[in-house]
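Colleague: Could you take a close look at a single part of this model and explain it to a first-year student? Please connect it to its surroundings as you go.

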Amino acid sequence: MIELSPNDACPCESGRILRECCLGAEGDLRPVASVTRCQAPKTGAQTKGCYAAALADCSADLSREHFISRGVLKELSDGGTVRIDGFPWQTDRAIQRLPTAVLGSNILCRRHNIALSTLDAVALRFFRWIDQFHREFDADQHDDRFFLVNGHDIERWMLKTLCGAVFSKNATINPAGSNWVPPMEWVQILFGEAQFPVRCGVYISGNIPDTEFIERGYKFVAFSNGAAGVYGARISMNDETFVLAMSSPPEDLENTFLANHVYRPRGLALTNGCCEKITQFGWDDGLVHRGVRMAYEKSHHAVKPEGVGGS
Ligand SMILES: [Zn+2]
Ligand SMILES: [Zn+2]
């Protein structure tokens, strides 16, 4: 049981105290969503090569954007390279160690790139917490931690990653070869002008990875088919799996590949039997949210030591 006082440092890591940050009027925790809207007035410009050009709010110059946040890659990198999987340009789809610098592309104008940078900062914190759990997995200390993050920021970050990976042609899609541009609605969601459609957004798996080792690194798969085009993505961070659905799954997930996944969970609890790291997500959608709890067994799971197979 973790108890917080209004004068504690806010678990969203803003640096402010809780009562001046995410504490709601009824004692609830309400992490505020990041603002991704560009500052008014609109520029009216549509810069060629920016995937948000349809919003007619570009600056004139394209800027180099890491479709996987540079901060996240840096966090996961050892000596400047990161273990990464799921991109077609990787030789025979094996997990590879890549220098973080190769993962940048010119896919957004500077103005749109800057507007989304707050999402990268949120995702970095979230993935750092997960990575911390895995890195401390074998330590016997009881170090319970509680974190707070806005869930809409995490799913918009996932959408940004999907748009960037496909638009820059770094992800395989079906049908191949088309000049894919994100639908207008997706761009509006990214830049705070629209909400995710019903049952779209993030699904988190409650399944423990069925592997001996937790592998530090990043995996990405874009979902697409001939009928629906691009409709989602799976992003794994150290084998914790997050699915972004951009086409509404059925209400009953049982006969879908999302069985055992929870839509927009209230929280994610990771425990190894002696310590627990809990991330609570804030949602402003008026729905009831279930939590996801993943109990790892220390005898079964360990973080893969560097240099053991797989690369
Ligand atoms: Zn806060
Ligand atoms: Zn733009």
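Modeller: The site of the zinc ion (ligand 2) is tetrahedral, with angles of 97 to 117 degrees among its four donor atoms (four donors count as tetrahedral if all angles lie between 85 and 135 degrees). This is a predicted model, in which local features need pLDDT of at least 70 and side-chain atom pairs pLDDT 80 or more, while totals for chains, interfaces and linings use all residues. Residues are numbered from 1 along each chain, chains are lettered from A and ligands numbered from 1 in the order written, and side-chain values use heavy atoms without hydrogens or water.

Cys 50 (SG), Cys 58 (SG), Cys 109 (SG) and His 112 (ND1) are the protein donors of the zinc ion (ligand 2), at 2.1 to 2.3 Å (donors are N, O and S atoms within 2.8 Å of the metal, or 3.2 Å for Na, K and Ca). Along the chain, these donors follow the spacing C-x7-C-x50-C-x2-H. Distant parts of the chain are linked in this way: Cys 58 belongs to the segment before β1 (62–66), whereas His 112, 54 residues apart from Cys 58, sits in helix α2 (helices are DSSP runs of at least four residues, strands of at least two). Cys 58 and His 112 are both buried, that is, under 20% relative accessible area with a 1.4 Å probe.

From His 112, one may turn to the sheet on which helix α2 packs. This open sheet has four strands in the order β5-β13-β12-β14, with mixed pairing (two strands pair if DSSP finds at least two bridges between them). Its edge strands, β5 (145–150) and β14 (292–295), each pair on one side only. On average, neighbouring strands are turned by 15 degrees against each other, direction ignored. β5 runs parallel to β13 (residues 276–282), and six bridges join them; Leu 148 stands opposite Gln 280 in β13. Helix α2 (residues 110–135) touches β5, β12 (267–271) and β13, and its direction makes about 155 degrees with that of β5 (contact means heavy atoms within 4.5 Å; angles run from 0 to 180 degrees between N-to-C directions). Helix α3 (residues 151–167) also packs on the sheet, touching β5 and β13, at about 65 degrees to β5.

At the edge formed by β14, four bridges pair this strand with β12 in the parallel sense, and Arg 293 is the bridge partner of Ala 269. The side chains of β14 alternate: Val 292 and Met 294 point to one face and are buried, while Arg 293 and Ala 295 point to the other and are not.

Technical notes. Buried means under 20% relative accessible area, exposed over 50%, partly exposed in between (1.4 Å probe, protein chains only). Four donors count as tetrahedral if all angles lie between 85 and 135 degrees; four count as square planar and six as octahedral if opposite donors are over 155 degrees apart and all others between 65 and 115; anything else is irregular.
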